[in-house]
Amino acid sequence: MKKLISRRQFLAAAGVVAAAGVLTACGSSSESTGAAASTAGSTAAAGGDTIKIGMLAPLTGDVSIYGLAVSNGAQLYIEQVNAAGGINGKQIEVQLMDEQGDATQAVNCFTQMVDNGITALIGDVTTGPTLAVVAESQEYNMPMVSASATAEAVTYDAETDTVYTNVFRTTFTDPYQGIKMADYAYEKLGYTKAAVIFQKGADYNEGLAENFELEFAANGGEIVASESYSEGDVDFKTQLTTILNANPEVVFCPNYYEDVGQILAQAESVGLDVPFLGGDGWDGVTGYATADQVADSFFCANYAVGAAPEFESAYEEKYGETYPNGFAPLGYDAAVTVCYGLAAAEEAGLEPATDEYKQAVIDAIKNGTIEGVTGTFTFDEHNNPVKTAAILAFDNGAAILKEQY
């Protein structure tokens, strides 16, 4: 099976060594796993020079499904790079820490990684912990690439008009998704009347909802109803009945797949028989909704099944299962992005973990073109990736690629 290495320089290096990794529980989990991984890391480190990077993710807790997918995808790429000889003959040594989905833990983990001499960071995964680490990272000008934190504030503070120049992401943002789906609904699908139902008090859900409403109206469409619910709610019939009475042609539902499944089922029960649209939080909705409930619906995502068969085969070979969700290819591309920067710093002959080395990593990423499994992309003025979105439809309940848009 062909291994995926995007940057050609990696293939010129000699030697084959397994990926170096150190799993550390920042707090009190995964001690046995950490011990095993530490042994592997020590073996690789003893074989020659290394470049230390950090990897931060919720490996336990409520959002571990995302953290595990990101870390698995990222580690897959690092292992491929190391097996091809590393970067400039140096193996990449990964220190992976479990922040358990907690912002305070994430900062504690990050500062431990800094003390351990990392020169770049892959992570964090969800928005809250990522924002906390972004603030801490400014003091160190630490190159930082999140696979999946979508809030605009991760890379840009709109209130102060400040770009966090050391921070990048491989996923698109909340505003991007809302705007993209509004354009798709109005321009591609021809809808002129839309309703929205979203979870209030959550940056992701509110960000998509707000930008969808603004863009849809700017295009000439009408938002006939905008309904919200609170975290933990399980009964959405009041909101859905209000939407039904407003006679929309389509409903935008920018929520995560567990809620989406319940909303679609209850929409069916109240007689709301119109297509629903969503963002990448729908990834995983198969199994939470019937084929009839998702029929004629669409959502946008960073990746669709079959887009990169070599990645999918490599993931299954390494982990013994198919990739679980779109966070895994995004994790892979976060590692691609970090390694792109590391290669540039190595080409300049700089010393890992120095200020000059970190700045060289940042400059290379900012000005580079990344060839990832979620697409080829550059970065805009706010360090967000410039790339198309995958629009997914449903075939007998299974999400399939409709088109790139």
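Here are three short exercises on the structure above, each with a worked solution.

This is a predicted model, where local features need pLDDT of at least 70, side-chain atom pairs count only at pLDDT 80 or more, and totals for chains, interfaces and linings use all residues. Residues are numbered from 1 along each chain as its sequence is written, and side-chain values use heavy atoms, with hydrogens and water left out.

**Exercise 1.** Work out which strands stand at the edges of the open sheet of 7 strands.

*Solution.* Start with the order: β10-β9-β11-β12-β13-β17-β18, with mixed pairing. Strands here are DSSP E runs of at least two residues, helices are H or I runs of at least four, and both are numbered from the N terminus. Two strands pair if DSSP finds at least two bridges between them. Now look at the ends: β10 (222-229) and β18 (398-404) each have a single partner strand, so one side of each lacks a neighbour in the sheet.

**Exercise 2.** Find how β9 is joined to β11.

*Solution.* Go to residues 193-199 for β9 and 250-252 for β11. The two run parallel, with 3 bridges between them. For one pairing, pick Val196: its bridge partner in β11 is Phe252.

**Exercise 3.** Place helix α7 against the sheet.

*Solution.* Pick out residues 203-219, then see what α7 lies across: β9, β10 and β11. Next, check direction: α7 runs at about 165 degrees to β9. Such angles run from 0 to 180 degrees between N-to-C directions, using lines fitted to C-alpha atoms, for helices over the stretch in contact (heavy atoms within 4.5 Å).
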